[in-house]
Amino acid sequence: MKRSSEDWGPPYGGKANRLFNRPLIPMAVWFAAGILAGHEIPLHGPFLIAALFFPIAALLIALLLFPGLRRGYILLSIFFLAGAFLIQGNFSPSGLALLASQEKKAVIEGTVLDPIKLIDNRIARFTLYAQGLCLPAKTMPLNETIAVSVYRHSPQLRPGDRIRFPARLRPFRNFNNPGSYDYKRAMQVKGLSCAAGVSDGARMQRLGTGGLPFFRGLVESIQGPIREFFHNRLRPRNDALFRALILGERQGITPDLRDPFNRTGLGHLLAVSGLHIGLVAGVVFFLFKWILLRSYNVALRMDVRKLAALLTCLPVAGYALIAGFHISTQRAMIMVLAFLASLMTERERDVWSTLSLAGLVILIFDPGALFTISFQLSFMAVIGILWLAPPIMDRIRRPMDPLAEERPGRSKLLEYFAGLAVVSAAAAFFLLPVTCYYFHRIPLVCILANMTTVPILGLWLIPMGLLSAAALPFSTGAAGFFLQIAAWGLDIWMAVIRFWADLPWSSIWMVTPNVFEIILFYLLIITAFFFKRSRWAKMGLVLAVVLSLTDVTYWVCKVRFNRDLQVTFLDVGKGNAALVSFPGGRKMLIDGGGFAGSSFDVGQMVVAPYLWHSKILRVHCLVLSHPQADHMNGLRFIAKAFHPDEFWHNGDLVATRAYQELMEIVADQRIRQMLPHDLKGNRFINGVRVCVLHPDPERVVSGITDDGKQLNNNSLVLKITYGHTSFLFPGDIEKEGEKTLLNHAGQMLRSEILLAPHHGSKTSSSTEFLEMVKPQLCIVSSGERTARHFPHPIVLKRLSEIGCRVLRTALSGTVTVTVNRDRVRVTTFLEGKDPSKNPLPYSGRSCDTYVRLSQSESRWPAAFPNYPETVTVHGVLRSP
């Protein structure tokens with residue numbers, strides 16, 4: 001029997017009591033709400049028992065006493081409190097947390113949990129089940145998981161190896177910018193307590209094999225031979241892909257290999273998820289059903305659909321086991337098993353209750369899953385498919401009915417591909433704000449890419465790969481035969497993916513929606529869906545449209561028609577990146593941060609998310625102070641993705657790969673290069689004066705250099721002035737360069753706000769330089785670790801002696817300075833931290849505001865009132 005859209009429609013339509021006929025839906029919603037509440041308000045010890053356990057017990061007793069509808073509300077309250085109670089397990093104390101917060105060295109003993117992942121072919125990373133902290137007199141037992149990085153001489157380790165090694169422990173940290181990825185919480189959700197850095201893998205000592213938890217050991221005993229077989233029989237690319245598709249191991253997926261999947265919206269194919277297990281379940285179910293129907297007695301005496309669903313459960317569980325039984329795989333298996341159970345109980349038409357049951361079971365066993373991207377994307381995609389796809393398919397089937405009578409084979413084929421297109425479109429559309437929020441990208445070819453790749457994956461790659469794995473214990477030859485067939489399919493699959501990815505319009509970068517805008521998007525969908533059925537939906541649609549237009553108008557005015565000068569100093573670790581937003585909307589990025597010898601792209605992962613969060617899709621001018629990694633590497637992605645018109649740099653040449661890539665991008669994008677001799681004199685951008693003070697515009701570049709001191713002293717020095725307020729950007733200029741700059745620029749250096757030269761190094765910020773600049777506020781852009789003294793205490797002392805206050809991006813996060821004609825406002829991203837870590841009284845305040853008054857006022861206050869959220873200070877910013 002065909003299912004109409006009404007069978008699959010949203011759970012809130014139809015009769016008024018429809019929701020109460022599906023109790024699993026409100027149970028799952030309230031349980032998830034409890035998890036959210038418990039995550040925001042963590043409780044410990046007696047508070048946990050008093051606030052959650054006793055109310056749950058009291059409600060359970062009340063449940064037996066109150067009949068009727070009240071019992072339903074009591075039950076929902078129990079589920080809410082149960083969710084809040086279970087999430088508290090994610091806040092269990094760690095034995096290594098204190099050592100990690102102090103970045104102490106320790107000797108750790110534990111068992112390797114997963115295969116090693118190589119980063120840049122030199123850094124080895126893996127997860128360790130830490131079982132002991134080795135002290136001088138004894139070994140303190142541990143029971144936690146940590147992330148280990150080995151920087152040199154990576155050892156050959158396998159899952160199950162027990163090792164002992166010295167390491168420096170570190171807490172997980174975020175780049176503290178608006179719109180940045182919450183890496184710290186992501187690691188917490190994964191169950192990792194801290195990171196451990198090992199400088200030399202030769203100091204790792206093997207203690208034998210063993211120590212894996214029982215179930216993890218069982219999984220490794222299955223995966224180990226298959227992994228080795230793939231490695232020996234396949235070339236590296238195919239080995240990495242089959243490990244991802246069959247074993248659920250993505251350690252071999254490099255950024256270059258992942259890129260075409262991301263551009264085409266096929267990144268979900270690289271993780272064993274609901275799609276993979278659903279494809280296996282579908283193929284196996286119809287295979288079992290076809291076999292059972294061949295027997296007349298079985299078909300006559302038994303319900304073939306129920307029996308086929310029961311038999312399908314075993315291959316589904318087997319695939320999940322082979323795929324490592326990771327958290328995402330467990331969730332997918334539970335969802336598929338819940339649907340198979342609905343088939344066996346003849347409840348398959350109530351898909352919303354089935355989906356709610358799957359979500360409830362997953363969250364009961366793993367409450368932290370609610371905060372993972374994979375959980376959110378999986379369930380949101382299924383909701384979109386169940387809600388939007390059926391009514392669209394109903395409209396498509398009607399004109400196909402005459403063809404079905406004449407040519408049933410062709411009709412079924414057309415319906416299959418039409419269904420695949422509709423499902424892909426429904427999932428992509430419903431996930432649009434969520435994918436933009438997490439990935440900042442809209443893949444325009446995702447529907448076509450899914451239509452041409454999912455059939456190959458489901459009918460060729462996964463079946464042949466699983467047959468190879470199943471045949472391996474019995475016949476290496478048979479396993480190799482199936483694997484070779486799968487490898488041929490993989491080559492075709494990748495050719496199709498690269499075809500779509502190489503199209504210039506395959507995807508576009510998109511701004512990041514905020515939570516309000518995401519809610520607004522779904523409000524538009526809901527009200528539009530019920531527009532003809534309900535009066536409230538018509539009023540809601542009008543309200544949603546008005547709010548959407550208001551939101552768009554606000555951001556257009558803020559980004560393109562702003563009246564103030566805004567300079568934002570981003571937290572990029574030890575590096576520089578500052579965004580200048582001129583009145584009228586033009587944008588300039590001065591340096592882009594970066595890490596030497598690392599594939600981590602600060603431009604794509606740190607700077608660009610801030611720009612997208614701020615609804616910025618174009619940066620008009622890029623400025624490179626000098627070609628060193630911590631200033632240059634992040635500019636590569638910005639140059640590709642944000643369509644700049646001009647690229648300012650000092651002309652120095654270096655032989656690094658990153659510099660060559662940047663200059664190639666500049667040439668390919670036809671970005672106009674501006675050297676010091678092109679930038680002589682003052683430039684005015686909508687009333688803001690921009691002046692290049694250094695290096696000498698007549699300087700002749702002799703050739704390629706690798707002298708770091710020379711590169712630093714040749715830094716492009718910019719001064720930006722608006723009204724009575726000036727900013728000075730000196731790059732990494734050192735004392736020799738400062739002396740040259742003093743002789744050349746003199747009084748022109750006077751600026752109210754200074755970006756600390758060379759991140760606050762003692763080789764810069766000489767007394768003579770600071771006395772000439774006379775800054776009132778100095779921004780230090782450096783990492784939080786102080787092992788190399790960035791900023792150096794001597795520099796902090798010099799700044800203090802001239803009455804200059806300091807903000808450090810490592811402690812305060814993003815620092816934003818907004819200037820209009822008569823006042824200056826300074827805000828920081830983070831709230832205040834431990835005063836002992838702050839070199840000056842207010843470093844790290846959450847929001848500091850400085851308002852221009854009269855020239856008779858003191859130039860800066862000595863102390864700040866201790867307000868919890870906002871600090872307002874009245875002072876004067878001196879005219880240049």
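## Where β19 meets β20

Let's start with one pair of residues: Phe727 stands opposite Ile753 in β20. Keep in mind that this is a predicted model. The strands behind that pair are β19 and β20 (residues 753-755), which run parallel and are joined by two bridges.

## A strand under cover

Now look at β19 itself, which spans residues 725-729. How many of its residues are buried? Five of the five are, so the strand is mostly covered, given that buried means under 20% relative accessible area. Its side chains go two ways: Thr725, Phe727 and Phe729 point to one side, while Ser726 and Leu728 point to the other, and all are buried.

## The hairpin with β18

On to strand β18, made of residues 717-722. How do β18 and β19 run, parallel or antiparallel? They run antiparallel, with five bridges joining them. You can pick out two of the partnerships by name: Leu718 has Phe729 of β19 as its bridge partner, and Tyr722 is matched with Thr725 in β19.

The two strands form a hairpin, with two residues between them. Check out Gly723 in this hairpin, where phi is positive, near 65°.

## Both sides of β18

Like the strand we just met, β18 is mostly covered, with six of its six residues buried. Which residues sit on each face? One side has Val717, Lys719 and Thr721, and the other has Leu718, Ile720 and Tyr722. Every one of these is buried, Lys719 included, and both faces are covered.

There is another partner to find here: strand β17 (residues 688-694) pairs with β18 over five bridges, in the antiparallel sense. To spot this pairing, find Val690, whose bridge partner in β18 is Ile720. That makes Ile720 a handy residue to look at: it is buried on the side of β18 with Leu718 and Tyr722, and it is bridged to Val690.

## A positive patch on the surface

Let's finish somewhere else in the model. Which residues form a positive surface patch? The members are Lys104, Lys105, Arg168 and Arg203. One of them, Arg168, belongs to strand β5, which covers residues 161-170.

Is Arg168 buried, exposed or partly exposed? Arg168 counts as partly exposed because its relative accessible area is 30%, and that class lies between the under 20% of buried residues and the over 50% of exposed ones.

Conventions. Residues numbered from 1 in each chain as written. Predicted model: local features only at pLDDT ≥ 70, side-chain atom pairs only at ≥ 80, totals over all residues. Heavy atoms only, no water. Patch = residues over 30% accessible without salt bridge, like charges linked within 9 Å, V, L, I, M, F, W, Y side chains within 5 Å. Areas by Shrake-Rupley, 256 points an atom, 1.4 Å probe, with all protein chains shown as cover. Salt bridge = Lys/Arg side-chain N within 4 Å of Asp/Glu carboxyl O. Lys, Arg positive; Asp, Glu negative; His and termini not counted. Charge placed at Lys NZ, Arg CZ, Asp CG, Glu CD. Helix = DSSP H or I, 4+ residues; strand = E, 2+ residues; numbered from the N terminus. Buried < 20%, exposed > 50% of the residue type's maximum accessible area, 1.4 Å probe, protein only. Pairing = 2+ DSSP bridges.
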